[in-house]
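Visitor: I have not met this structure before, and I would like to be led through it by questions, with the reasoning set out at each step.

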Amino acid sequence: MSDLVDVTMTVNGSEVAHRVPARTTLADFLRQTLELTGTHTGCEMGVCGACLVLLDGTVVHSCLTFAVQASGSAVETVEGLTERAVIADLQDAFHQRNSLQCGFCTPGMLMTAYSLLSQPGIPSRDEIRDALSGNYCRCTGYEAIVDAIETTARNRAAAKEEIDA
(Lines give C-alpha, C1' and ligand atoms only; values in the text may rest on other atoms or scores of the structure.)
Protein backbone atom coordinates (compact mmCIF):
# COMPACT_ATOMS: atom_id res chain seq x y z
CA MET A 1 0.00 0.00 0.00
CA SER A 2 1.48 3.30 -1.11
CA ASP A 3 1.03 6.52 0.79
CA LEU A 4 1.85 8.54 -2.34
CA VAL A 5 -0.84 10.61 -4.02
CA ASP A 6 -0.95 12.41 -7.34
CA VAL A 7 -1.49 16.15 -7.11
CA THR A 8 -2.13 18.47 -10.01
CA MET A 9 -2.63 22.19 -9.60
CA THR A 10 -1.86 25.51 -11.17
CA VAL A 11 0.90 27.31 -9.28
CA ASN A 12 1.63 30.90 -10.26
CA GLY A 13 -0.06 30.30 -13.60
CA SER A 14 1.76 27.06 -14.48
CA GLU A 15 0.24 23.60 -14.34
CA VAL A 16 2.21 21.24 -12.08
CA ALA A 17 1.74 17.53 -11.44
CA HIS A 18 3.66 15.49 -8.90
CA ARG A 19 3.37 12.36 -6.81
CA VAL A 20 3.91 13.18 -3.14
CA PRO A 21 3.40 11.58 0.27
CA ALA A 22 -0.24 11.97 1.29
CA ARG A 23 0.58 14.05 4.37
CA THR A 24 2.76 16.60 2.53
CA THR A 25 1.63 20.07 3.42
CA LEU A 26 1.10 22.63 0.71
CA ALA A 27 3.92 24.68 2.29
CA ASP A 28 6.36 21.77 2.02
CA PHE A 29 5.16 20.99 -1.51
CA LEU A 30 5.80 24.57 -2.59
CA ARG A 31 9.14 24.87 -0.81
CA GLN A 32 10.65 21.42 -1.28
CA THR A 33 9.08 20.04 -4.45
CA LEU A 34 8.65 23.26 -6.45
CA GLU A 35 11.50 25.20 -4.78
CA LEU A 36 9.28 28.24 -4.21
CA THR A 37 10.93 29.32 -0.99
CA GLY A 38 9.11 32.64 -0.63
CA THR A 39 6.46 30.75 1.30
CA HIS A 40 7.99 30.44 4.75
CA THR A 41 7.26 27.94 7.47
CA GLY A 42 7.35 29.35 10.96
CA CYS A 43 5.06 28.01 13.66
CA GLU A 44 3.54 25.27 11.47
CA MET A 45 0.31 25.71 13.47
CA GLY A 46 -1.41 28.41 11.38
CA VAL A 47 -0.64 31.17 13.83
CA CYS A 48 2.29 33.21 12.47
CA GLY A 49 1.14 33.86 8.88
CA ALA A 50 4.56 33.25 7.32
CA CYS A 51 3.13 30.49 5.10
CA LEU A 52 0.20 32.38 3.59
CA VAL A 53 -0.64 31.75 -0.05
CA LEU A 54 -3.68 32.30 -2.23
CA LEU A 55 -5.73 29.16 -2.88
CA ASP A 56 -8.36 29.85 -5.52
CA GLY A 57 -8.08 33.53 -4.58
CA THR A 58 -8.47 33.05 -0.82
CA VAL A 59 -5.60 33.52 1.62
CA VAL A 60 -4.86 30.23 3.40
CA HIS A 61 -2.21 28.87 5.74
CA SER A 62 -0.25 26.49 3.55
CA CYS A 63 1.19 24.80 6.64
CA LEU A 64 -2.32 23.61 7.57
CA THR A 65 -3.35 22.60 4.06
CA PHE A 66 -2.28 19.31 2.54
CA ALA A 67 -1.02 19.44 -1.05
CA VAL A 68 -3.70 16.90 -1.98
CA GLN A 69 -6.36 19.33 -0.72
CA ALA A 70 -5.07 21.92 -3.21
CA SER A 71 -5.14 19.46 -6.09
CA GLY A 72 -7.27 20.88 -8.90
CA SER A 73 -6.92 24.40 -7.54
CA ALA A 74 -5.02 27.54 -8.41
CA VAL A 75 -2.28 28.47 -5.97
CA GLU A 76 -0.45 31.77 -6.01
CA THR A 77 2.62 32.50 -3.94
CA VAL A 78 4.47 35.72 -3.28
CA GLU A 79 6.73 34.81 -6.21
CA GLY A 80 3.68 34.71 -8.48
CA LEU A 81 2.43 38.09 -7.30
CA THR A 82 5.92 39.50 -7.81
CA GLU A 83 6.25 38.00 -11.30
CA ARG A 84 2.90 39.51 -12.30
CA ALA A 85 4.07 42.86 -10.81
CA VAL A 86 0.76 43.25 -8.95
CA ILE A 87 2.55 44.03 -5.68
CA ALA A 88 5.43 46.13 -7.02
CA ASP A 89 3.98 49.29 -5.50
CA LEU A 90 3.37 47.50 -2.20
CA GLN A 91 6.92 46.12 -2.15
CA ASP A 92 8.24 49.61 -2.89
CA ALA A 93 6.18 51.05 -0.03
CA PHE A 94 7.54 48.37 2.32
CA HIS A 95 11.05 49.34 1.24
CA GLN A 96 10.41 53.08 1.60
CA ARG A 97 8.95 52.67 5.11
CA ASN A 98 11.67 50.17 6.14
CA SER A 99 8.96 47.61 6.85
CA LEU A 100 11.17 44.68 5.90
CA GLN A 101 13.66 44.28 8.76
CA CYS A 102 14.66 40.59 8.83
CA GLY A 103 12.16 39.76 6.07
CA PHE A 104 10.91 36.45 7.44
CA CYS A 105 7.32 37.64 7.87
CA THR A 106 7.32 39.78 4.73
CA PRO A 107 5.88 37.23 2.25
CA GLY A 108 2.91 36.56 4.54
CA MET A 109 2.44 40.27 5.17
CA LEU A 110 2.47 40.91 1.41
CA MET A 111 -0.09 38.14 0.82
CA THR A 112 -2.37 39.58 3.52
CA ALA A 113 -1.94 43.11 2.18
CA TYR A 114 -2.60 41.99 -1.39
CA SER A 115 -5.83 40.30 -0.32
CA LEU A 116 -6.92 43.31 1.74
CA LEU A 117 -6.12 45.79 -1.03
CA SER A 118 -8.06 43.65 -3.52
CA GLN A 119 -11.24 44.61 -1.68
CA PRO A 120 -13.11 47.77 -2.69
CA GLY A 121 -12.39 51.01 -0.85
CA ILE A 122 -9.49 52.26 1.23
CA PRO A 123 -9.05 50.31 4.46
CA SER A 124 -8.69 52.27 7.67
CA ARG A 125 -5.60 51.79 9.83
CA ASP A 126 -7.73 49.72 12.22
CA GLU A 127 -8.90 47.52 9.33
CA ILE A 128 -5.28 47.08 8.22
CA ARG A 129 -4.26 46.14 11.76
CA ASP A 130 -7.16 43.69 11.97
CA ALA A 131 -6.16 42.08 8.66
CA LEU A 132 -2.57 41.77 9.90
CA SER A 133 -3.63 40.22 13.21
CA GLY A 134 -2.81 36.78 11.80
CA ASN A 135 0.74 37.76 10.90
CA TYR A 136 3.54 37.84 13.46
CA CYS A 137 6.50 40.19 13.10
CA ARG A 138 9.18 40.25 15.76
CA CYS A 139 11.17 43.14 14.28
CA THR A 140 9.10 46.11 13.18
CA GLY A 141 6.39 46.82 15.71
CA TYR A 142 3.92 46.81 12.77
CA GLU A 143 3.55 50.60 12.43
CA ALA A 144 5.82 50.79 9.38
CA ILE A 145 3.95 47.87 7.82
CA VAL A 146 0.58 49.56 8.45
CA ASP A 147 2.00 52.78 7.00
CA ALA A 148 3.20 50.98 3.87
CA ILE A 149 -0.16 49.31 3.29
CA GLU A 150 -2.08 52.52 3.95
CA THR A 151 0.18 54.46 1.58
CA THR A 152 -0.29 51.86 -1.15
CA ALA A 153 -4.07 51.88 -0.68
CA ARG A 154 -4.22 55.68 -0.93
CA ASN A 155 -1.89 55.78 -3.94
CA ARG A 156 -3.92 53.14 -5.75
CA ALA A 157 -7.17 55.01 -5.04
CA ALA A 158 -5.66 58.27 -6.29
CA ALA A 159 -4.42 56.58 -9.48
CA LYS A 160 -7.86 55.05 -10.04
CA GLU A 161 -9.51 58.46 -9.59
CA GLU A 162 -7.10 59.93 -12.10
CA ILE A 163 -7.92 57.20 -14.64
CA ASP A 164 -11.66 57.55 -14.03
CA ALA A 165 -11.56 61.34 -14.46
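Visitor: Let us start with R156: is this residue buried, partly exposed or exposed?
Guide: Please keep in mind throughout that this is a predicted model. R156 has a relative accessible area of 25%, and the class in between runs from the buried limit of under 20% to the exposed limit of over 50%. R156 is therefore partly exposed.

Visitor: With which residue does R156 form a salt bridge?
Guide: The partner has a relative accessible area of 34%, so this residue too counts as partly exposed, and its name is D89. In the pair, the closest N and O atoms are 2.7 Å apart. R156 sits in helix α7 and its partner in helix α4 (residues 88-96), so that distant parts of the chain, 67 residues apart, are linked. The residue that forms the salt bridge with R156 is D89.

Visitor: How many salt bridges are found in the whole structure?
Guide: The pair of R156 and D89 is one salt bridge, and R125 with E143 is another, with the closest N and O atoms 2.9 Å apart. A search of the whole structure gives a total of 11.

Visitor: Which helices hold R125 and E143?
Guide: R125 is partly exposed, at 22% relative accessibility, and E143 is partly exposed as well, with a relative accessible area of 37%. The two belong to a network of salt bridges that links R97, R125, D126, R129, E143, D147, E150 and R154. Because R125 lies in one helix and E143 in another, the pair ties together parts that are 18 residues apart in sequence, and the helices are α6 (residues 125-131) and α7.

Visitor: By about how much of a helix are D164 and K160 separated?
Guide: D164 forms a salt bridge with K160, the closest N and O atoms being 2.9 Å apart, and both residues are exposed. Because they are four residues apart in helix α7, their separation is about one helical turn.

Visitor: At what angle do helices α5 and α7 pack?
Guide: Two packed helices are described by the angle between their axes and by the distance between the axes. Here α5 covers residues 106-117 and α7 covers residues 143-164, with axes 11 Å apart, and the angle is about 35°.

Visitor: Is the crossing of α5 and α7 left-handed or right-handed?
Guide: On the side of α5, the contact is made by M109, A113, L116 and L117, and on the side of α7 by I145, I149, T152, A153 and R156. The crossing of these helices is right-handed.

Visitor: Is P123 buried or exposed?
Guide: P123 is placed in the loop between α5 and α6, and beyond residues up to four places away in sequence, this proline touches L116, L117, I128 and A153. Its relative accessibility is 7%, and because the limit is under 20%, P123 counts as buried.

Visitor: And is H40 buried or exposed?
Guide: H40 lies in the loop between α1 and β3. Leaving aside neighbours within four places in sequence, H40 is in contact with R31, A50, C51, G103, F104 and P107. With a relative accessible area of 15%, H40 is buried.

Visitor: Which residues make the nonpolar surface patch?
Guide: One of them, M45, has its place in the loop between α1 (26-33) and β3 (52-55), and at 58% relative accessibility M45 counts as exposed. The patch is about 310 Å², and the residues that make it are M45, V47 and Y136.

How values were computed:
Residues are numbered from 1 along each chain as its sequence is written. This is a predicted model: local features need pLDDT of at least 70, side-chain atom pairs count only at pLDDT 80 or more; totals for chains, interfaces and linings use all residues. Side-chain values use heavy atoms; hydrogens and water are left out. Patches are made of residues with over 30% relative accessible area and no salt bridge: like charges are joined within 9 Å, nonpolar side chains (Val, Leu, Ile, Met, Phe, Trp, Tyr) within 5 Å. Accessible areas come from the Shrake-Rupley method with a 1.4 Å probe; for residues, only the protein chains shown count as cover. A salt bridge is a side-chain nitrogen of Lys or Arg within 4 Å of a carboxyl oxygen of Asp or Glu. Helices (H or I, at least four residues) and strands (E, at least two) are DSSP runs, numbered from the N terminus. Buried means under 20% relative accessible area, exposed over 50%, partly exposed in between (1.4 Å probe, protein chains only). Contact means heavy atoms within 4.5 Å. Axes are lines fitted to C-alpha atoms, for helices over the stretch in contact, and angles run from 0 to 180 degrees between N-to-C directions. A crossing is left-handed if the near helix is turned anticlockwise from the far one by less than a right angle, and right-handed if clockwise.
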